[in-house]
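Please load the model in your viewer and keep the selection panel at hand. The stops below are meant to be taken in order, each with a selection to make and a short account of what is there.

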Amino acid sequence: MTPSADTQDKAPAAASGRVRGPRKGTDLGQWKVSGRAPLNHNEEFKAEENSLNVRQRIIDTYSKTGYASIPADDVHGRFRWLGLYTQRKQGVDGASTSKLDAESLSDEYFMQRIRLDGGQLTTEQTRVLGGISRDFARGTADVSDRQNIQLHWLRIEDVPEMWERLDSVGLTTLEACGDTPRVFLGSPVAGVEADPIIDPTPELEALRSEFVGNPDYVNLPRKFKTAITGSRTLD
(Lines give C-alpha, C1' and ligand atoms only; values in the text may rest on other atoms or scores of the structure.)
Protein backbone atom coordinates (compact mmCIF):
# COMPACT_ATOMS: atom_id res chain seq x y z
CA MET A 1 0.00 0.00 0.00
CA THR A 2 1.31 3.42 -0.91
CA PRO A 3 1.31 5.88 2.00
CA SER A 4 -1.03 8.84 1.67
CA ALA A 5 0.36 12.33 1.22
CA ASP A 6 -0.42 13.13 4.87
CA THR A 7 1.46 10.04 6.05
CA GLN A 8 4.46 10.91 3.91
CA ASP A 9 4.51 14.45 5.34
CA LYS A 10 4.60 13.10 8.90
CA ALA A 11 7.19 10.38 8.36
CA PRO A 12 10.45 11.06 10.24
CA ALA A 13 13.56 11.74 8.23
CA ALA A 14 16.19 9.03 8.21
CA ALA A 15 18.80 9.44 10.95
CA SER A 16 22.19 10.40 9.61
CA GLY A 17 24.10 8.96 12.56
CA ARG A 18 26.04 12.21 12.92
CA VAL A 19 25.77 14.92 15.56
CA ARG A 20 25.17 18.36 14.14
CA GLY A 21 28.03 20.70 14.89
CA PRO A 22 27.82 24.31 16.03
CA ARG A 23 26.33 26.93 13.75
CA LYS A 24 28.80 28.58 11.40
CA GLY A 25 30.62 31.40 13.12
CA THR A 26 29.82 30.20 16.65
CA ASP A 27 32.87 30.14 18.93
CA LEU A 28 32.34 27.66 21.75
CA GLY A 29 35.73 28.35 23.30
CA GLN A 30 36.76 24.72 22.79
CA TRP A 31 39.98 24.17 20.91
CA LYS A 32 38.86 20.94 19.24
CA VAL A 33 35.59 22.49 18.03
CA SER A 34 36.37 26.15 17.44
CA GLY A 35 40.08 26.11 16.67
CA ARG A 36 43.14 26.83 18.77
CA ALA A 37 42.19 30.40 19.58
CA PRO A 38 42.70 31.99 23.02
CA LEU A 39 40.32 31.18 25.85
CA ASN A 40 36.75 32.38 25.55
CA HIS A 41 36.04 35.53 27.50
CA ASN A 42 34.32 33.70 30.34
CA GLU A 43 37.58 31.86 31.04
CA GLU A 44 39.61 35.06 30.61
CA PHE A 45 37.83 36.96 33.37
CA LYS A 46 37.90 33.87 35.58
CA ALA A 47 41.68 33.75 35.21
CA GLU A 48 42.12 37.39 36.20
CA GLU A 49 41.11 37.00 39.86
CA ASN A 50 39.09 35.03 42.37
CA SER A 51 35.54 35.88 41.29
CA LEU A 52 34.41 36.00 44.92
CA ASN A 53 36.39 39.24 45.29
CA VAL A 54 33.45 41.01 43.64
CA ARG A 55 31.48 40.73 46.89
CA GLN A 56 33.47 43.53 48.50
CA ARG A 57 33.14 45.73 45.42
CA ILE A 58 29.36 45.32 45.59
CA ILE A 59 29.33 46.32 49.27
CA ASP A 60 31.85 49.16 49.09
CA THR A 61 31.25 50.61 45.63
CA TYR A 62 28.42 49.42 43.37
CA SER A 63 25.71 49.62 46.03
CA LYS A 64 26.60 53.31 46.38
CA THR A 65 27.35 54.26 42.76
CA GLY A 66 24.47 52.32 41.18
CA TYR A 67 23.87 49.88 38.36
CA ALA A 68 25.35 52.04 35.59
CA SER A 69 28.76 52.04 37.31
CA ILE A 70 29.23 48.26 37.22
CA PRO A 71 31.72 46.92 34.60
CA ALA A 72 30.41 44.25 32.24
CA ASP A 73 32.73 41.48 33.48
CA ASP A 74 31.38 41.95 36.99
CA VAL A 75 27.67 42.44 36.32
CA HIS A 76 27.39 39.73 33.63
CA GLY A 77 30.14 37.49 34.96
CA ARG A 78 31.52 37.53 38.49
CA PHE A 79 28.19 38.48 40.09
CA ARG A 80 27.08 34.91 39.41
CA TRP A 81 29.60 33.63 41.96
CA LEU A 82 27.47 35.51 44.53
CA GLY A 83 24.21 34.12 43.12
CA LEU A 84 23.26 37.32 41.28
CA TYR A 85 21.91 37.36 37.72
CA THR A 86 20.67 40.40 35.83
CA GLN A 87 16.93 40.19 35.25
CA ARG A 88 15.59 40.11 31.70
CA LYS A 89 13.93 43.31 30.55
CA GLN A 90 10.15 43.36 30.58
CA GLY A 91 8.76 42.78 27.08
CA VAL A 92 11.75 40.76 25.86
CA ASP A 93 10.50 37.27 25.08
CA GLY A 94 12.44 34.03 25.42
CA ALA A 95 12.93 33.69 21.66
CA SER A 96 15.07 36.84 21.70
CA THR A 97 17.62 35.61 24.23
CA SER A 98 19.82 33.97 21.59
CA LYS A 99 19.72 37.04 19.34
CA LEU A 100 20.51 39.89 21.74
CA ASP A 101 23.64 40.62 23.77
CA ALA A 102 23.64 40.76 27.55
CA GLU A 103 23.35 44.54 27.68
CA SER A 104 20.26 44.53 25.46
CA LEU A 105 18.61 41.74 27.45
CA SER A 106 19.30 42.98 30.96
CA ASP A 107 17.18 45.21 33.12
CA GLU A 108 18.63 47.14 36.07
CA TYR A 109 17.24 44.57 38.51
CA PHE A 110 18.66 41.30 39.76
CA MET A 111 17.58 37.78 40.57
CA GLN A 112 19.24 36.58 43.77
CA ARG A 113 19.68 32.85 44.31
CA ILE A 114 20.06 31.69 47.91
CA ARG A 115 21.55 28.25 48.40
CA LEU A 116 19.87 25.83 50.80
CA ASP A 117 22.24 22.88 51.15
CA GLY A 118 20.05 19.91 52.03
CA GLY A 119 16.91 21.93 51.31
CA GLN A 120 16.41 22.76 54.97
CA LEU A 121 15.14 25.99 56.57
CA THR A 122 14.52 26.90 60.18
CA THR A 123 11.50 28.95 61.21
CA GLU A 124 13.75 31.95 61.90
CA GLN A 125 15.40 31.68 58.48
CA THR A 126 12.03 31.46 56.77
CA ARG A 127 10.85 34.61 58.54
CA VAL A 128 13.98 36.47 57.44
CA LEU A 129 13.44 35.36 53.84
CA GLY A 130 9.86 36.57 54.04
CA GLY A 131 11.01 39.96 55.29
CA ILE A 132 13.57 40.28 52.50
CA SER A 133 10.94 39.33 49.93
CA ARG A 134 8.53 41.91 51.29
CA ASP A 135 11.08 44.73 51.60
CA PHE A 136 13.20 44.24 48.47
CA ALA A 137 11.62 41.69 46.08
CA ARG A 138 8.05 42.97 45.65
CA GLY A 139 6.67 40.22 47.89
CA THR A 140 7.73 37.35 45.62
CA ALA A 141 9.98 34.29 45.91
CA ASP A 142 10.60 31.12 43.89
CA VAL A 143 11.55 27.66 45.14
CA SER A 144 13.73 25.96 42.54
CA ASP A 145 13.88 22.24 41.80
CA ARG A 146 17.45 22.21 43.14
CA GLN A 147 16.45 23.37 46.63
CA ASN A 148 17.31 27.05 46.17
CA ILE A 149 15.25 30.14 46.94
CA GLN A 150 15.22 32.81 44.20
CA LEU A 151 14.20 36.44 44.67
CA HIS A 152 13.50 38.93 41.87
CA TRP A 153 13.32 42.71 41.39
CA LEU A 154 16.35 43.38 43.59
CA ARG A 155 18.25 46.66 43.26
CA ILE A 156 22.03 46.71 43.65
CA GLU A 157 21.59 49.37 46.35
CA ASP A 158 19.72 46.88 48.56
CA VAL A 159 22.05 43.89 48.15
CA PRO A 160 24.39 44.59 51.12
CA GLU A 161 21.50 44.84 53.62
CA MET A 162 19.92 41.71 52.16
CA TRP A 163 23.20 39.83 52.63
CA GLU A 164 23.49 41.08 56.22
CA ARG A 165 20.04 39.72 57.01
CA LEU A 166 20.87 36.36 55.41
CA ASP A 167 24.22 36.14 57.23
CA SER A 168 22.48 36.80 60.56
CA VAL A 169 20.56 33.52 60.28
CA GLY A 170 23.24 31.39 58.64
CA LEU A 171 22.06 31.66 55.02
CA THR A 172 24.35 32.41 52.10
CA THR A 173 24.31 33.22 48.39
CA LEU A 174 27.96 32.19 48.01
CA GLU A 175 28.54 30.13 44.86
CA ALA A 176 24.83 29.70 44.22
CA CYS A 177 25.72 30.28 40.56
CA GLY A 178 28.95 30.39 38.53
CA ASP A 179 31.50 27.69 37.75
CA THR A 180 31.54 26.41 41.32
CA PRO A 181 30.29 23.60 43.58
CA ARG A 182 26.56 24.37 43.47
CA VAL A 183 24.05 23.66 46.23
CA PHE A 184 24.47 20.18 47.77
CA LEU A 185 21.22 18.27 47.45
CA GLY A 186 19.90 16.14 50.27
CA SER A 187 16.65 15.16 51.94
CA PRO A 188 14.82 18.17 53.44
CA VAL A 189 13.46 15.89 56.21
CA ALA A 190 16.87 14.49 57.19
CA GLY A 191 17.18 14.39 60.96
CA VAL A 192 13.45 14.71 61.62
CA GLU A 193 11.82 11.80 59.75
CA ALA A 194 10.63 8.87 61.88
CA ASP A 195 12.38 5.99 60.08
CA PRO A 196 15.38 7.33 58.14
CA ILE A 197 17.65 5.16 56.05
CA ILE A 198 20.51 7.57 56.60
CA ASP A 199 20.88 11.10 57.95
CA PRO A 200 23.37 12.84 55.63
CA THR A 201 23.29 16.13 57.58
CA PRO A 202 26.86 15.81 58.94
CA GLU A 203 28.18 15.01 55.46
CA LEU A 204 26.35 17.97 53.94
CA GLU A 205 27.82 20.27 56.58
CA ALA A 206 31.29 18.84 55.94
CA LEU A 207 30.95 19.40 52.19
CA ARG A 208 29.83 22.97 52.70
CA SER A 209 32.69 23.68 55.11
CA GLU A 210 35.30 22.16 52.79
CA PHE A 211 34.24 23.47 49.39
CA VAL A 212 32.06 26.59 49.57
CA GLY A 213 34.29 29.67 49.45
CA ASN A 214 37.46 27.59 49.13
CA PRO A 215 39.69 29.36 46.54
CA ASP A 216 40.94 25.97 45.30
CA TYR A 217 37.45 25.18 43.99
CA VAL A 218 36.11 28.60 43.01
CA ASN A 219 37.32 28.44 39.41
CA LEU A 220 36.06 25.13 38.02
CA PRO A 221 35.76 24.40 34.28
CA ARG A 222 31.99 24.47 34.77
CA LYS A 223 29.40 24.14 37.53
CA PHE A 224 29.64 20.98 39.64
CA LYS A 225 26.48 19.48 41.14
CA THR A 226 26.38 17.09 44.09
CA ALA A 227 23.71 15.07 45.88
CA ILE A 228 23.88 12.74 48.87
CA THR A 229 21.45 9.84 48.86
CA GLY A 230 21.01 6.83 51.10
CA SER A 231 19.97 3.25 50.35
CA ARG A 232 18.98 0.37 52.59
CA THR A 233 21.25 -2.70 52.45
CA LEU A 234 19.28 -5.86 51.64
CA ASP A 235 20.18 -9.07 53.54
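The tour goes from the whole chain to the core, then to one helix, the cavity, the pocket and two loop residues.

**The whole chain**

Begin with the cartoon of the full chain, bearing in mind that this is a predicted model. The chain has 235 residues, of which buried residues make up 36%, and its secondary structure consists of nine helices and six strands. Among the contacts with a separation of 6 or more, 71% are accounted for by residues 24 or more positions apart.

**The nonpolar core**

Next, select I58, F79, F110 and M162, which touch the most other members of the largest nonpolar core, a set of 35 residues. To see where that core draws its residues from, colour α4 (54–65), β2 (106–115), α7 (123–136), β4 (148–154) and α8, since these are the elements that give two or more residues to it.

Now centre the view on I58 and show its surroundings. Which residues does I58 contact, once its neighbours within four places in sequence are left aside? They are S63, F79, L84, I156, V159, P160 and W163.

**Helix α8**

V159, P160 and W163 also appear among the buried residues of α8 (residues 159–168), together with M162 and L166. If you look down the axis of α8, these buried residues fall within an arc of 160°, so they line one face of the helix. Turn to the other side of α8 and select E164 and S168, both of which are exposed. Following the chain past the helix brings you to G170, where phi is positive, near 80°.

**The cavity beside α8**

Stay in this region and select R55, W163, L166, D167, L171, T172 and T173, which line the largest cavity. The structure holds one cavity of 30 Å³ or more, and the space in the largest cavity comes to about 30 Å³. With three residues, α8 gives the most to its lining, and by class the lining residues divide into three nonpolar, two polar and two charged. W163 and L166 thus serve as a link between two stops, being buried residues of α8 and part of the cavity lining as well.

**The largest pocket**

Move next to the largest pocket, whose volume is about 420 Å³. Select N42, F45, H76, G77 and R80, the closest to the pocket centre of the 17 residues that line it. Then highlight α3 (41–48) and α5 (72–75), each of which supplies at least two residues of the lining; α3 gives the most, with three residues. What classes of residue make up this lining? There are four nonpolar, seven polar and six charged residues.

**Two loop residues with positive phi**

Finish with a pair of residues in loops, beginning with R138, in the loop between α7 and β3 (142–143). Phi of R138 is near 60°, a positive value in a residue other than glycine. Then go to E175, which sits in the loop between α8 and β5 (181–185) and is likewise a residue other than glycine with a positive phi, near 60°.

Is each of these residues buried or exposed? R138 has 51% relative accessibility and therefore counts as exposed, the cut-off being over 50%. E175, at 0% relative accessibility, counts as buried.

Terms used: Residues are numbered from 1 along each chain as its sequence is written. This is a predicted model: local features need pLDDT of at least 70, side-chain atom pairs count only at pLDDT 80 or more; totals for chains, interfaces and linings use all residues. Side-chain values use heavy atoms; hydrogens and water are left out. On a 1 Å grid over the protein atoms alone, a cavity is a set of points where a 1.4 Å probe fits but cannot get out, and a pocket is an open set with protein on both sides within 12 Å along at least five of seven lines; lining residues have an atom within 4 Å of a point. Grid points are joined across faces, edges and corners, and a volume is the space filled by probe spheres set on the points. Helices (H or I, at least four residues) and strands (E, at least two) are DSSP runs, numbered from the N terminus. Ala, Val, Leu, Ile, Met, Phe, Trp, Tyr, Cys and Pro count as nonpolar, Asp, Glu, Lys and Arg as charged, and the others, Gly among them, as polar. Buried means under 20% relative accessible area, exposed over 50%, partly exposed in between (1.4 Å probe, protein chains only). The arc is that of the directions from the helix axis to the C-beta atoms. A nonpolar core is a set of buried Ala, Val, Leu, Ile, Met, Phe, Trp, Tyr and Cys residues joined through side-chain atoms within 4.5 Å. Contact means heavy atoms within 4.5 Å.
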